[in-house]
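Open the model in your viewer and keep the selection panel at hand. The stops below go from one chain to the other.

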Amino acid sequence: MLISVWEGSEARPEVERFREMWGIGATILLDESGDYARELGIRGVPTNVLVDADGVVRDVGLVRLDELHAAVDRLTAGR
Amino acid sequence: MPITTRTVAAVPVGLDPEGTAVDIRRRRAYVACSRSDTLAVVDLDAAAVVAHVAVGAEPIDVVFDERTGRIFTADAHADALSVVDAETLTVETQVSVGAYPSGLTLDTDERRLYCGNSMGSTMSVLDLDTLETLAVVDAEPGAGAVAVDSTRRLALCVNFIAASVTFIDIDTFEPTGRVEVGQGACAVGVVPERGEAFVVNSLAGTVARIDLESRTVVEELTAGSAPVGLTVGPLHDRVYVTNRGDGTVSVLSVVDGSECGRIIVGEGPGGVVVNPDDGRLLVANAGSGTLEIVEEVQGGAADAPTEDLLAGLVGRRLPAFALPDHHTGGQRTSLEWAERRYILNFFASW
């Protein structure tokens, strides 16, 4: 799922434009103030957070596709 | 030698600040706030905004021409540039360029303004005094940032989507070659005396060092996460790179490419310049909505290191969330994803 951050109080039209442009079908949540991102210590975008079935964070960051794929492989291998 | 810095101020300027420019005589910074559709005018002594000038839709970049006292913003959604009088802080005129202008640079010696048009895949060349369009040069998809090497009579236009740099003869306005760089190329700086250019590749997470004689990438430098902005220091010994992915600025040595410092700034930094008057770094933080003023310090007055909360997150339970769904507007909570493996992708549409 995607979480939109730091869009200000008029996030929805901007996010909708972005969603259409990139053909995003996944769930998008709005963290307009960025408070949740801040709680996690996220200071920039994009940032990926991988969570396992126990709700535990297994990896963070992962901007490059190769990094992300490797982290997903690790996550799925740990089933 | 590692550098130490302190934040002098973080000035709230507007939504999604991107490009920034310095007006030395008036002791101001100008910041293009792309989601506010405004130009923020910052008094650098007071560290405060003294005016917001309404410009065209989605101003992304800004440059200042000292001779005419004109400020230019690249208004991406207007397919035009706004020309603002720095004395009256009013819009003098708007000039049409190509589709989605997103990068500007001045050549004050030749009295020209260069503008990369991302959706038009072109670079516009304007006369800085008459505002006449002198040429529209073919570049490649995602044409944006531009830099000029007066020594070699070259303009370099960086193409974000094509992941390339187009070389353009600034006498004939003809493309004379290209080089492939990393994915997401989006900012460029030139060090003419070394015959080198530096290009940040945001998606590849690298900085390409380009030899301007052979027009080849000779080295890939490492910066932080999602590097997007770049400026060459006044002494041409350093390159400053903003890392949008981790809220930092990497300070890279021009000589050996090493990272001699990483400065923690606000959220989602983008545009960066060095004020040549006092050497302070001005960073536009798109996430925080601030212009951050940073100075290098000697001795004990530096900012204390900030705790890296993100690194400490691994191995811990994800904090619960309750956030509105973009589509339905309803509240969604982390309980819905319990006992599943998933990825949270934090993004911004800018």
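Start by colouring chain A by domain: the assignment gives domain 1 as residues 1–42 and domain 2 as residues 46–79. If you place a marker at the C-alpha centre of domain 1 of chain A and another at that of domain 2 of chain A, the two lie 20 Å apart. Keep in mind that this is a predicted model. For the complex, the predictor gives an ipTM of 0.95 and a pTM of 0.94. Chain B has an average pLDDT of 95, and 97% of its residues score at least 70.

**The contact between the chains**

Next, select the residues of each chain that are in contact with the other. You should have 42 residues from chain B and 46 from chain A. On the chain B side, β29 (322–324) and β31 (342–347) each supply at least two of the residues that touch chain A. The largest share, six residues, comes from β31(B). Colour this side of chain B by class, and 19 residues come up as nonpolar, 11 as polar and 12 as charged.

**The sheet built from both chains**

Stay on β31(B) and show the strands on either side of it. Which strands make up the sheet, and in what order? This is an open sheet of five strands in the order β2(A)-β1(A)-β31(B)-β3(A)-β4(A), with mixed pairing. At the edges are β2 (28–31) and β4 (57–61) of chain A, each of which pairs on one side only. Neighbouring strands in this sheet are turned against each other by 20° on average, ignoring direction. Now add helix α1 of chain A, residues 11–22, which packs on the sheet and touches β1 (2–5) and β2 of chain A. The direction of the helix makes about 145° with that of β2(A).

Zoom in on strand β3 of chain A, residues 47–51. Strand β3(A) pairs with β31(B) in the antiparallel sense over five bridges. Two positions to label are Val49(A), whose bridge partner in β31(B) is Leu344(B), and Leu50(A), whose partner there is Ile343(B). Strands of a sheet pair through backbone hydrogen bonds, so display backbone atoms when you inspect bridges of this kind.

Is β3(A) mostly covered or mostly open? Strand β3(A) is mostly covered, with four of its five residues buried.

**The hairpin in chain A**

Move to the other neighbour of β3(A). Strands β3(A) and β4(A) run antiparallel and are joined by four bridges. Val51(A) has Val57(A) as its bridge partner in β4(A). Five residues lie between the two strands of this hairpin, and Gly55(A) takes a positive phi near 80°.

**A sheet within chain B**

Finish by hiding chain A and selecting β2 to β5 of chain B. These four strands form an open sheet in the order β2-β3-β4-β5, and the pairing is antiparallel. The edge strands, each pairing on one side only, are β2 (17–23) and β5 (48–54) of chain B. On average, neighbouring strands here are turned by 25° against each other, direction ignored. In the middle of the order, β3 (residues 28–33) and β4 (residues 38–43) of chain B pair over six bridges in the antiparallel sense. For a last label, pick Ala32(B), which stands opposite Leu39(B) in β4(B).

Definitions and conventions. Residues numbered from 1 in each chain as written. Chains lettered and ligands numbered in written order. Predicted model: local features only at pLDDT ≥ 70, side-chain atom pairs only at ≥ 80, totals over all residues. Contact = placed C-beta atoms within 7 Å. Nonpolar A, V, L, I, M, F, W, Y, C, P; charged D, E, K, R; others polar. Pairing = 2+ DSSP bridges. Domains from an automatic or database assignment. Axes fitted to C-alpha atoms, helices over the stretch in contact; angles between N-to-C directions. pLDDT = per-residue confidence, 0-100. Buried ≥ 20, exposed ≤ 12 C-beta atoms within 10 Å, placed from the backbone.
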